[in-house]
Amino acid sequence: MRDSIWCFENVNLFHILCPHKIRDFEKDHFEGFKKGDFIYFPEDSSKSIFMVSKGKVKIVSYNSDGEEVVKAILGKGEIFGEKALLGEDKRGDYALACSEPTELCPMRLPDMHQLMRDNEKFGLSIYKLIGFRIKKMERRLESLLFKDVKTRLCDFLKEMAEENGVSVGSEIVIPYFFTQKDFADLIGTKRETVTRLFNELKQEELIDYSRKEIRIKSLENL
């Protein structure tokens, strides 16, 4: 589990990309945001890649009815705005801080290209990360269209276990990064429904949870 691309993103990428660790980019250090602040809007120029240094960032769009569609909630060490590397000229989504404080490490697109040219392995990993994220979004869309809410929650917990879980005996422990409101946003339901489903899964002895972690007791039966 610790060999996943997300492990690369959450650990090594922070040390490689964080501008204050790269002498040439010290002038582009952290940018701070308050909860609810927008980082960029659709149609803004795609000039930078961002990495979360502290807090959480939500990537959203809005449907024709004006309802918010949450595409991702990202934490420390995760990057966003990466479509600029694929030739995106203008942003297609909204990015906003959803915790306070939120701090970002920006990287201008030319500097990112230079870093990727200078480190072939790093550049390959970035493109693998982009492909992995696209596949993840496709799976989530398919889940929203064809699966019930409980199945979507179980699938999401399995995904978290594969990406960030640590085996402790017969259980898998996941750091509790998301709130139940975050879970609701990401699987397309209400917070009250997530609370009910968490309690059901606990009563079924499939999971246990606290404010700090989720323990999956049986990944096969989840």
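## Overall build and local features of the predicted model

Glu-205 is exposed, at a relative accessible area of 61%; here exposed stands for over 50% relative accessible area, buried for under 20%, and partly exposed for what falls in between (1.4 Å probe, protein chains only). The model is a predicted one, in which local features need pLDDT of at least 70 and side-chain atom pairs count only at pLDDT 80 or more, while totals for chains, interfaces and linings use all residues. Residues are numbered from 1 along each chain as its sequence is written, and side-chain values use heavy atoms, with hydrogens and water left out.

Back to Glu-205: its phi is near 60°, a positive value in a residue other than glycine. Glu-205 sits in the loop between α6 and β11, where helices (H or I, at least four residues) and strands (E, at least two) are DSSP runs numbered from the N terminus. Glu-43 is another non-glycine residue with a positive phi, about 80°. Its place is the loop between β2 (38–40) and β3, and Glu-43 counts as exposed at 56% relative accessibility.

Taken as a whole, the protein has six helices and twelve strands. Of its 222 residues, 47% count as buried. The surface exposed by the protein comes to about 12,200 Å², with carbon and sulfur atoms supplying 50% of it; accessible areas come from the Shrake-Rupley method with a 1.4 Å probe, and for residues only the protein chains shown count as cover. Among contacts (heavy atoms within 4.5 Å) between residues at least 6 apart in sequence, 70% join residues at least 24 apart.

One sheet deserves a closer look. It is open, has four strands in the order β9-β10-β12-β11, and pairs in the antiparallel sense; two strands pair if DSSP finds at least two bridges between them. Its edge strands are β9 (166–168) and β11, each pairing on one side only. From one strand to the next, the twist averages 25°.

Within this sheet, β12 (residues 213–216) is joined to β10 (residues 171–175) by four bridges, the two running antiparallel. Pro-175 stands opposite Glu-213 of β12, and Val-173 has Arg-215 as its bridge partner. With β11 (residues 207–209), β12 shares three bridges, again in the antiparallel sense, and here Asp-208 stands opposite Arg-215. A hairpin of three residues links β11 to β12. In a regular strand the side chains alternate between the two faces of the sheet. In β12, Ile-214 and Ile-216 form the covered face, whereas Glu-213 and Arg-215 form the uncovered one.

Helix α6 lies across β11 and β12, running at about 120° to β11. It also meets helix α5: the axes of α5 (residues 180–187) and α6 (residues 191–203) come within 8 Å and cross at roughly 105°. Axes are lines fitted to C-alpha atoms, for helices over the stretch in contact, and angles run from 0 to 180 degrees between N-to-C directions. The α5 and α6 helices are therefore roughly perpendicular to each other, on a scale where under 35 degrees is roughly parallel, over 145 roughly antiparallel, 65 to 115 roughly perpendicular and the rest oblique. Gln-180, Lys-181, Phe-183, Ala-184 and Ile-187 of α5 make the contact with Arg-191, Val-194, Thr-195 and Phe-198 of α6. These residues divide into five nonpolar, two polar and two charged; Ala, Val, Leu, Ile, Met, Phe, Trp, Tyr, Cys and Pro count as nonpolar, Asp, Glu, Lys and Arg as charged, and the others, Gly among them, as polar. Helix α5 is mostly covered, with seven of its eight residues buried, and Gly-188, with a positive phi near 75°, follows it.

A second helix pair involves α2 (residues 109–118) and α3 (residues 120–146), which pack at an angle of about 120° with their axes 5 Å apart. These two, α2 and α3, are therefore oblique to each other. On the α2 side the contact includes Met-112 and Leu-115, and on the α3 side Phe-122 and Ile-126. The contact residues divide into six nonpolar, one polar and two charged.

Finally, a cis peptide bond, with omega about 0°, joins Glu-100 and Pro-101. Pro-101 lies in the loop between β7 (94–97) and β8 (102–108). Lys-54, in strand β3 (residues 48–54), is in contact with Pro-101, Thr-102 and Glu-103, leaving aside neighbours within four places in sequence. The C-alpha atoms of Lys-54 and Glu-103 are separated by 4.9 Å, though the two residues are 49 apart along the chain. Lys-54 is partly exposed, at 42% relative accessible area.
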